[in-house]
Amino acid sequence: MATKLDPHHLVALMKYALKGKQDSSPHRLDPSLHTFKGGIVNNHETSVRTFPILDALAHISVSLEESQVVAIGLQLHSWREEIRLTVAENKGVMNGLVNHLTKVWRNLQALSSKYEKHRDGKWDKSQLRSPDMPSDVGHLLKIEIFRDIYQYSLKKQMKRIDKWSEDLGRFVKELLRRREFLQLQGFELSLYNAVVALSMAVEVVSKLRDNPNVQLTRSEWEFVYFQSMQANQDVKIVLADRNGFGCEVLAQEFFSGHPGEDPFPLRRALEKLTSLPHHITSLFGFANSPHLQPALRYRLCISAVPKKAHTVELPASLEDWKSFLEAACGKRYDFQKTHAVELVEMFGSGKWVCPVHCECGLIQYLQARQGNQWDNIPPFSYIGVSKLSCSACRIWMEASNKQSRRKFYTRGSHGKWYWPWGVPGGGGVVNVMAQKVLDEYLAYLMDQKLLRSYSESTDASSDGAQHHLSDDQQNNNRAAAVARMQAHGAPGFGYFDTRYPDA
């Protein structure tokens, strides 16, 4: 049956069925279940530590406020000492991205050289964990890398700030109301410190948005760097509290319980506001890793995947959708008429231009022969992404991995369905995907008790040296925060009362 059903229509159907909600099983990659080929070194644990680096490169490639997702693939030509990054976007690779990544890579090469010089050969090669590095090594270069990335991603970062910072500030203000400043300790003190550091960084970088002609001074960028990195370190403590559930426990404690409201998504707010320094820290770790250093010694080339989309016609009438639903379910059900009416209202009768999502387009590009020296160089099995894959992409990759000799993975799926969505290619993968999407639709219907049963009728995290600020740098950051608090009167609360007067 699945071979007769267009997977585009099935993806649209799942978008209608879930209505923007997550499906029953968001998936995260479990590296222990897979073999990863084509990495920088032939070692599983080191390859897994490459995942956050590719995700970081994809993340820092996002410059637009919304509707931009980036995927990055890696190939290593050891004999020619060349490395290739292949970049894809949902709507075509942005002008300037290749130059941006090239500049960041060049500075990471310089930083790696400084780290190597400081080690001076004093490192046990049998250790998988990278050696710790004093925070002052490459200090000015790290600030330059931070500044370049921040400026490139400024629009996206300001969008995150606009969406999350006010509500996060109000949340901490409520924390101070309930606990009082002097009672804060442990997890809650780290949360307070993180939000103060974030707020102080935002005060400075907001000048760039308020006046596009403004340029921050070197000392201002250094201040933003220190406060952002401080916030990232404090947030790491917060997110790990109580086996990773501390944010949810605190948010639930403060939840008013009003109908139609949910607890404040504290974890998501912190992750979003520190995502840029978090990924920059991963890149610093890349530069410090002796195991991965060969990649930064090689010549870099970057290829862009051409934009690809399909024009799709969905069922246009009530009868067309009813027939499609009957074919999908294998028989006629009473609910199908109501669903068909709603499907016509949702999608209309026009044609849809369906872009191929970047991770799928990238995989298809890497699987095909391009007529160049890279055709015979196996790509790394892991694809870096700036955002978790949607459910349709997850299922397409699962189908592709079943049909292809080369396997590809991303860090996981957020469990949502999007439309329009374009199938990357044809052949047996399309049929396998159609059956998988159909299975998910039928499982949804059973969960909704619209069908009885089938017989009756879906972060690797980086591990290595910790790139923390030095004790002196942290003390200076704390002193700056204390001075700012004292300028507003009572410790802690006065500052938040001024920043968020309406809370």
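User: What pLDDT does the chain average in this predicted model?
Analyst: In this predicted model, 93% of the residues score at least 70. Over residues 454-461, however, the pLDDT is below 50, although this stretch has 19 contacts in the model beyond near neighbours in sequence. Where pLDDT is low, the predicted coordinates should not be read in detail. For the chain, the average pLDDT is 89.

User: What is the radius of gyration of the chain, which has 19 helices and six strands?
Analyst: For 503 residues the globule rule gives 23 Å, and the value for the chain is close to this, so the chain is as compact as a globular protein of that length. The C-alpha atoms fill a box of roughly 70 × 65 × 45 Å along the principal axes. The radius of gyration is 25 Å.

User: How many of the eight residues of strand E1 (residues 70-77) are buried?
Analyst: On one side of E1, Val70, Ile72, Leu74 and Leu76 are buried, and on the other side Ala71, Gly73, Gln75 and His77 are buried too, which leaves both faces covered. Strand E1 is therefore largely enclosed by the rest of the structure, and the number of its residues that are buried is eight.

User: Which residue in E2 is the bridge partner of His77?
Analyst: Strand E2 (residues 82-89) runs antiparallel to E1, and eight bridges join the two. They form a hairpin with four residues between them, where Glu81 in the turn has a positive phi of about 55°. The bridge partner of His77 is Glu82.

User: Which residue in E6 stands opposite Ala71?
Analyst: Strand E6 (residues 384-385) pairs with E1 in the antiparallel sense over two bridges. Opposite Ala71 in E6 stands Val385.

Note on methods
Residues are numbered from 1 along each chain as its sequence is written. This is a predicted model: local features need pLDDT of at least 70, side-chain atom pairs count only at pLDDT 80 or more; totals for chains, interfaces and linings use all residues. Side-chain values use heavy atoms; hydrogens and water are left out. pLDDT is the predictor's confidence in each residue, from 0 to 100. Contact means heavy atoms within 4.5 Å. Buried means under 20% relative accessible area, exposed over 50%, partly exposed in between (1.4 Å probe, protein chains only). Two strands pair if DSSP finds at least two bridges between them. The radius of gyration is taken over C-alpha atoms; the globule rule is 2.2 Å times the number of residues to the power 0.38.
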